[in-house]
Amino acid sequence: MPHHPHAEAQATPRLDLYAPIHKALRAWMFDTVMRVGRTDGLDAEGLQQTLSRVASLLAVCESHIHHEQVFLHPLLEQGRHNAAQAADQAHAGHARDIARLRSLVSQVRESSPAERDPMLMTLYRALSVFVAENLTHMHWEETVHNETLWACYTDAQLMQAHDALVQSITPQEMAETLRHMLPALAPCERLGMLSDMRAKMPPGAFEGILALAHEVLSVHDAAAVLQGLGLPLHLPAVRAPAHG
Ligand SMILES: [Fe+2]
């Protein structure tokens, strides 16, 4: 049988720098929209929790834009002239949306009890529209941008960009991101990512990641991670009750 190197190359999946963080962001966005939707404006504690969740989402979206601008857009532009132009403009629009949403969060926080539920509804709608715009934008990046990156760079070169990006993230932001990313990934993606982290992190730091995985994953998924990594299963028979 003749050898078809091209067909072989097509069958090998390429490194997708966007998919894992975008799965995390989608889950994070949907969860936050739902939280805003079910918040009781007269429950002061619940309201503060929801508003701080919105603030965290906006902070991570801002940071995500920064990561893409610094670590991916130069690669895109070097690979193909103007390849990052549409996303540059979209990111500028997202930065303006984030500023408007922050102002809405402040308005909810400062509103009188009578105004609060209508203000929450305004925030809910505005956040939903922001999510809708981001869904379209992420799809563009995962299709059009990936096509350029895959045509112009090897996976090893893309992995270098990935590692430089990851190294720029503070441990606190990394933990917060993994809290949303780990449950959002398919088992093989989760295991692939954790294996890569294990190879690149000090053992003590990786122990912390495993503890986080245990906290945010179902018992079944956490066991699959340990098994996939070749680690002994040490599942508690009963989970400790959550405090606070
Ligand atoms: Fe983006």
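Is Glu68 buried or exposed? In this predicted model, Glu68 is buried, with a relative accessible area of 3%. The legends below begin with the whole chain and then move to individual sites.

**Figure 1. Overview of the predicted chain.** The chain contains 10 helices and zero strands. Read along the sequence, its pattern is α-α-α-α-α-α-α-α-α-α. Along the principal axes, the C-alpha atoms fill a box of roughly 75 × 55 × 35 Å. Of the 244 residues in the chain, 38% are buried. Where contacts join residues at least 6 apart in sequence, 71% of them link residues at least 24 apart.

**Figure 2. The iron ion and its protein donors.** Four residues supply the donor atoms: Glu68 (OE), His91 (NE2), His137 (NE2) and Glu141 (OE). These donors lie 1.9 to 2.2 Å from the iron ion. The angles among the four donor atoms run from 79 to 165 degrees, and the site is irregular. Neither the tetrahedral range, with all angles between 85 and 135 degrees, nor any other regular class is assigned to the site of the iron ion. Along the sequence the donor residues follow the spacing E-x22-H-x45-H-x3-E. Glu68 belongs to helix α3 (residues 44-79) and His137 to helix α5 (residues 113-152), so this pair ties together parts that are 69 residues apart in sequence. Two of the donors can also be described by their accessibility: Glu68 is buried at 3%, and His137 counts as buried at 8%.

**Figure 3. His22 beside the donor residue Glu141.** His22 is placed in helix α2 (residues 19-37). Its relative accessibility is 0%, so His22 counts as buried, the limit being under 20%. A polar contact of 3.1 Å joins the side chain of His22 to the side chain of Glu141, and Glu141 is one of the protein donors of the iron ion. With neighbours within four places in sequence set aside, His22 is in contact with His64, Glu68, Met138, Glu141 and Glu142. Glu68, also among these contacts, is another donor of the iron ion.

**Figure 4. The largest cavity and its lining.** The structure holds two cavities of 30 Å³ or more. The largest cavity has a volume of about 70 Å³. Its lining consists of Leu25, Met29, Cys61, His64, Ile65, Glu68, His91, His94, Asn134, His137 and Met138. Which helices each supply at least two residues of this lining? They are α2, α3, α4 (85-110) and α5. The largest share, four residues, comes from α3. The lining includes Glu68, His91 and His137, which are among the protein donors of the iron ion. His64 and Met138 also line the largest cavity, and both are in contact with His22.

**Figure 5. The largest pocket.** The volume of the largest pocket is about 1100 Å³. It is lined by 42 residues, and those closest to its centre are His162, Val166, Met174, Met193 and Met197. At least two lining residues are supplied by each of α2, α3, α6 (155-167), α7 (171-184), α8 (187-200) and α9 (203-216). Helix α7 gives the largest share of the lining, seven residues.

**Figure 6. Arg35 in helix α2.** Arg35 is partly exposed, with a relative accessible area of 26%. Beyond its neighbours within four places in sequence, Arg35 is in contact with Thr50 and Arg53. The C-alpha atoms of Arg35 and Leu47 are 9.7 Å apart in space, and the two residues are 12 apart in sequence.

**Figure 7. Asn82 in the loop between α3 and α4.** Asn82 is not a glycine, although its phi is positive at about 70 degrees. At 37% relative accessibility, Asn82 counts as partly exposed.

**Figure 8. Ala199 in helix α8.** Is Ala199 buried or exposed? Its relative accessibility is 67%, so Ala199 counts as exposed, the limit being over 50%. From the C-alpha atom of Ala199 to that of Leu120 the separation is 45 Å, and the two residues are 79 apart along the chain.

Key: Residues numbered from 1 in each chain as written. Predicted model: local features only at pLDDT ≥ 70, side-chain atom pairs only at ≥ 80, totals over all residues. Heavy atoms only, no water. Donors = N, O, S within 2.8 Å, 3.2 Å for Na, K, Ca; no water. Tetrahedral: all angles 85-135°; square planar, octahedral: opposite > 155°, others 65-115°. Buried < 20%, exposed > 50% of the residue type's maximum accessible area, 1.4 Å probe, protein only. Polar contact = N/O pair within 3.5 Å; in protein donor to acceptor, adjacent residues only side chain to side chain. Contact = heavy atoms within 4.5 Å. 1 Å grid on protein atoms, 1.4 Å probe; cavity = no way out; pocket = protein on both sides within 12 Å on 5 of 7 lines; lining within 4 Å. Points joined across faces, edges and corners; volume = space filled by probe spheres on them.
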